[in-house]
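Hi there,

Here is the structure I promised to pass on. Have a look at it first, and my notes come right after.

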Amino acid sequence: MELFDDAGVSPRLPVPKYHQVYLVLRQHLDEGRYAAGLPGELSLTREFGVARVTVRRALEQLAT
């Protein structure tokens, strides 16, 4: 079961946008969607419809 759809993040959820992106990225990694590696920051900003700083924070959280 997917936590979020691929359309982006929701500002209505009581969860920060960076954490929503982190959760989706973690889910996609668990599902093996990024077997060739994660897309770049700019690609992820377009995919999720968020600012680059939001993607960076999500990636930092993913790395810890």
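Below is what I found, helix by helix and then for one residue.

Please keep in mind that this is a predicted model.

Let me start with H1, which covers residues 17-30. Its 14 residues reach 20 Å from the first C-alpha to the last, close to the 20 Å expected at 1.5 Å a residue. The buried residues of H1 are Gln20, Val21, Tyr22, Leu23, Val24, Leu25, Gln27 and His28, and what covers them includes H2 and H3. After H1 comes glycine 32, with a positive phi near 80 degrees.

Next is H2, residues 41-48. Its buried residues are Leu44, Thr45 and Phe48. Looking down the axis of H2, these buried residues fall within an arc of 105 degrees, so they line one face of the helix. That fits a general point: an α-helix has 3.6 residues a turn, so residues three or four places apart point the same way. The cover over the buried residues of H2 includes H1 and H3. Just after H2, glycine 49 also has a positive phi, of about 70 degrees.

Now for the packing. H1 and H2 meet at an angle of about 110 degrees, and their axes are 12 Å apart. Because angles of 65 to 115 degrees count as roughly perpendicular, H1 is roughly perpendicular to H2. H1 brings Val21, Val24, Leu25 and His28 to this contact, while H2 brings Leu44, Glu47 and Phe48. By class, the contact of H1 with H2 has five nonpolar residues, one polar and one charged.

H2 also packs on H3 (residues 52-63), at an angle of about 110 degrees and with the axes 9 Å apart. That makes H2 roughly perpendicular to H3. On the H2 side the contact is made by Glu41, Leu42, Leu44 and Thr45, and on the H3 side by Arg52, Val55, Arg56 and Leu59. By class, this contact of H2 with H3 has four nonpolar residues, one polar and three charged.

One last residue to look at: is threonine 54 buried or exposed? Threonine 54 sits in helix H3. Its relative accessible area is 14%, and buried means under 20%, so threonine 54 counts as buried. Leaving aside neighbours within four places in sequence, threonine 54 is in contact with Lys17, Tyr18 and Val21.

Happy browsing, and all the best!

Methods: Residues are numbered from 1 along each chain as its sequence is written. This is a predicted model: local features need pLDDT of at least 70, side-chain atom pairs count only at pLDDT 80 or more; totals for chains, interfaces and linings use all residues. Side-chain values use heavy atoms; hydrogens and water are left out. Axes are lines fitted to C-alpha atoms, for helices over the stretch in contact, and angles run from 0 to 180 degrees between N-to-C directions. Helices (H or I, at least four residues) and strands (E, at least two) are DSSP runs, numbered from the N terminus. Angles under 35 degrees count as roughly parallel, over 145 as roughly antiparallel, 65 to 115 as roughly perpendicular and the rest as oblique. Contact means heavy atoms within 4.5 Å. Ala, Val, Leu, Ile, Met, Phe, Trp, Tyr, Cys and Pro count as nonpolar, Asp, Glu, Lys and Arg as charged, and the others, Gly among them, as polar. Buried means under 20% relative accessible area, exposed over 50%, partly exposed in between (1.4 Å probe, protein chains only). The arc is that of the directions from the helix axis to the C-beta atoms. The expected span of a helix is 1.5 Å times one less than its number of residues.
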